[in-house]
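Visitor: Got a minute? I'd like to go through this protein with you before I get back to the bench.

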Amino acid sequence: MGTAQAVRGRTITTDIPARLDRLPWSRWHWTIVIGLGTVWILDGLEVTVVGNIASRLSEPGSGLPITSGEVTGMAAALYVAGACLGALFWGRLTDKWGRKKLFMITLAVYLAATALTAISFDTWWFFLFRFLTGFGIGGEYAAINSAIDELIPKEYRGRTDLMINGSFWLGAVFGSLLSIVALDTDIFAANVGWRLTFALGAVLALVILLVRRHVPESPRWLLIHGRDDEAERIVSSIERKIEEERNDPLPRPDGEITIHQRRSVSFLEIGRTVFSDYRKRAVLGFSLFIGQAFLYNAITFGFGAILTKFFDVPSGNTGYYFAVIAIGNFVGPLLLGKLFDTVGRRIMISGTYILSGLLLFGTAWLFDQGSLNATTMTACWCAVLFFASAGASSAYLTVSEVFPMETRAMSIAFFYAIGTAAGGISGPLLFAKLTETGVVGDTVLAFSIGATLMCLAGLVAALLAVKAERRSLEDIAKPLTAADGGSADGASKADPGAEEARPTTA
């Protein structure tokens with residue numbers, strides 16, 4: 001096996017990225033998926049549970065002096081604000097301190113905050129720990145996506161990232177069904193059931209935390225930060241495990257890279273790299289996140305009101321419809337994910353965005369014509385979100401792989417914060433008002449806005465998406481620390497934005 005060899009001045013030539021990328025899929029990779037990816041299920045659980053228990057929390061005897069509007073309004077906004085701030089705060093530290101340290105810390109923050117939410121005794125306490133729960137979850141997005149992309153082989157990176165980000169909707173299904181049981185006063189007292197839903201989230205987080213202890217630090221991050229000996233030990237250990245599992249020697253790695261190690265990269269350099277040197281990719285990331293944020297708000301904010309006001313669905317039954325929609329959201333990335341690695345990023349990203357937008361336009365037209373009932377409306381939403389969910393997940397994949405290694409977590413955090421803020425602030429302000437009026441034309445307008453932005457984002461992707469499929473991260477975006485003589489040569493000239501690839505300096 002090759003090794004990372006240090007020479008004077010802490011400039012090293014290494015084949016470790018190539019060794020990670022040439023690994024076949026193995027049990028070890030499944031431990032990464034389970035250890036890192038399952039937190040998205042917790043996020044889906046959190047978001048769904050709070051929406052479903054709002055009415056119970058506002059009832060006398062719940063043990064909390066709060067209104068339903070405060071739960072779905074102020075508490076939801078604080079969760080979103082916490083996620084945005086957490087992504088930015090922890091994202092910077094993830095690039096500076098390492099992936100493992102941060103994905104352990106952020107999960108611990110989530111665990112503690114959601115456990116303390118379960119013992120809420122007053123409104124201010126509930127608000128505070130909803131904010132801190134979001135603060136932990138926001139940090140997870142940057143730390144986890146960074147680690148996943150840097151540990152998963154290039155042949156499988158796209159489908160793995162999509163599947164993991166799409167697992168949010170498994171949590172949504174679980175949250176919908178859990179709420180039905182937890183809120184049944186024949187099983188749990190009114191002031192107990194809702195607390196158990198938060199307590200269960202803390203228990204699941206504790207289990208994930210124990211599993212994560214066995215997930216290593218990213219060898220790519222270690223290389224850049226002067227810990228090449230540790231990176232070598234980790235990669236050699238992974239290779240031994242996989243060779244023992246396969247009972248067959250691994251193929252030789254192809255390619256090396258020379259890097260000048262450095263402990264940190266300034267915030268100014270990160271900003272210049274992302275928004276000046278890679279400005280077309282920044283436009284791409286911005287478009288993808290805003291498009292998916294508004295499409296999801298066009299459907300999910302007020303979906304219950306649409307079902308009850310236009311189709312006379314009892315409010316207690318809307319959770320079942322949401323569970324069906326959530327399943328459609330998960331199945332999309334699961335079935336389409338492989339195509340992002342085979343057919344390619346540009347075609348699949350633009351295709352899923354544009355197709356979901358066109359399907360939502362069709363849904364809006366059918367709704368305006370009075371041609372839908374509750375079941376067919378839900379079926380239309382499922383069709384839209386089957387493609388939209390794969391597209392939305394690819395937004396996270398895109399911003400995690402098209403920027404240099406040293407800026408990865410901060411880039412994820414920034415674009416996540418933009419998308420989350422748009423979805424959690426401007427989205428509800430616009431779409432909730434439109435869908436709650438009971439006027440068909442207003443709901444059609446909400447759908448049309450979401451569909452338009454999704455189609456526009458798809459067109460941007462058709463022009464600017466990077467052909468990142470089956471390419472090493474170092475080839476897609478040359479590390480800032482890479483020596484000019486390294487074999488990772490930045491973005492291919494065949495890719496949009498290739499002319500922006502930064503001439504790397506020590």
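Guide: Sure. One definition to begin with: a disulfide here is a pair of cysteine sulfur atoms within 2.5 Å. Also keep in mind that this is a predicted model.

Visitor: OK, with that cut-off, how many disulfides does a search of the whole structure find?

Guide: The search comes back with zero disulfides. Take Cys380: its nearest cysteine sulfur belongs to Cys382, and that one is 9.4 Å away. A pair has to be within 2.5 Å to count, so Cys380 is in no disulfide.

Visitor: And is Cys380 buried or exposed?

Guide: Cys380 counts as buried, because its relative accessibility is 17% and the limit for buried is under 20%. Cys382 is buried too, with a relative accessible area of 16%.

Visitor: Let's zoom out. How many helices and strands does the protein have?

Guide: There are 20 helices and three strands. The protein has 506 residues, and 59% of them count as buried.

Visitor: What about the contacts, how much comes from residues 24 or more positions apart?

Guide: Such residues account for 83% of the contacts with a separation of 6 or more.

Visitor: And how much surface does the protein expose?

Guide: About 18800 Å², with carbon and sulfur atoms supplying 65% of it.

Visitor: Which residues make the nonpolar surface patch?

Guide: Trp30, Ile34, Val203, Val207 and Val211 make a patch of about 430 Å². Helix H2 (27–37) and H9 each supply at least two of the patch residues. H9 gives the most, with three.

Visitor: Where does Trp30 lie, and how exposed is Trp30?

Guide: Trp30 lies in helix H2. With a relative accessible area of 42%, Trp30 is partly exposed.

Visitor: Now helix H6. What should H6 span, and what does it span?

Guide: H6 runs over residues 123–151, which is 29 residues. At 1.5 Å a residue, H6 should span 42 Å, and its end C-alpha atoms are 42 Å apart, so the two agree.

Visitor: Is H6 mostly covered or mostly open?

Guide: Mostly covered: 25 of the 29 residues in H6 are buried.

Visitor: Switching to charges. How many salt bridges are there?

Guide: The count comes to 17 salt bridges. One of them joins Arg19 to Glu232, with the closest N and O atoms 2.9 Å apart. Arg19 lies in helix H1 (residues 16–21) and Glu232 in helix H11 (residues 228–246), so this pair ties together parts that are 213 residues apart in sequence. Both Arg19 and Glu232 are buried.

Visitor: You mentioned H6 earlier. What does Glu150 pair with?

Guide: Glu150 meets Arg99 in a salt bridge, at 2.7 Å from N to O. Glu150 lies in helix H6 and Arg99 in helix H5 (residues 99–118), so parts 51 residues apart in sequence are tied together. Arg408 and Glu150 also meet in a salt bridge, again with 2.7 Å from N to O. That pair links distant parts of the chain, since Arg408 is in helix H18 (residues 408–436), 258 residues from Glu150.

Visitor: How buried are Glu150 and Arg99?

Guide: Glu150 has a relative accessible area of 0%, so Glu150 is buried. Arg99 is buried as well, with a relative accessible area of 0%. As for the other pair, both Arg408 and Glu150 are buried.

Visitor: What else touches Arg99 and Glu150?

Guide: Ser218 does: leaving out residues up to four places away in sequence, Ser218 touches Arg99, Glu150 and Leu151. Ser218 sits in the loop between helix H9 (193–212) and helix H10 (219–224). At 1% relative accessibility, Ser218 counts as buried.

Visitor: Last one, Phe311. Where is Phe311 found, and what is Phe311 in contact with?

Guide: Phe311 is found in helix H14 (residues 303–311). Setting aside neighbours within four places in sequence, the contacts of Phe311 are Ile306, Phe367, Leu372, Asn373, Ala374 and Met377. Phe311 and Met377 are 66 residues apart in sequence, with their C-alpha atoms 9.5 Å apart in space. Phe311 is buried, at a relative accessible area of 17%.

Terms used
Residues numbered from 1 in each chain as written. Predicted model: local features only at pLDDT ≥ 70, side-chain atom pairs only at ≥ 80, totals over all residues. Heavy atoms only, no water. Helix = DSSP H or I, 4+ residues; strand = E, 2+ residues; numbered from the N terminus. Expected span 1.5 Å × (residues − 1). Buried < 20%, exposed > 50% of the residue type's maximum accessible area, 1.4 Å probe, protein only. Contact = heavy atoms within 4.5 Å. Patch = residues over 30% accessible without salt bridge, like charges linked within 9 Å, V, L, I, M, F, W, Y side chains within 5 Å. Areas by Shrake-Rupley, 256 points an atom, 1.4 Å probe, with all protein chains shown as cover. Salt bridge = Lys/Arg side-chain N within 4 Å of Asp/Glu carboxyl O.
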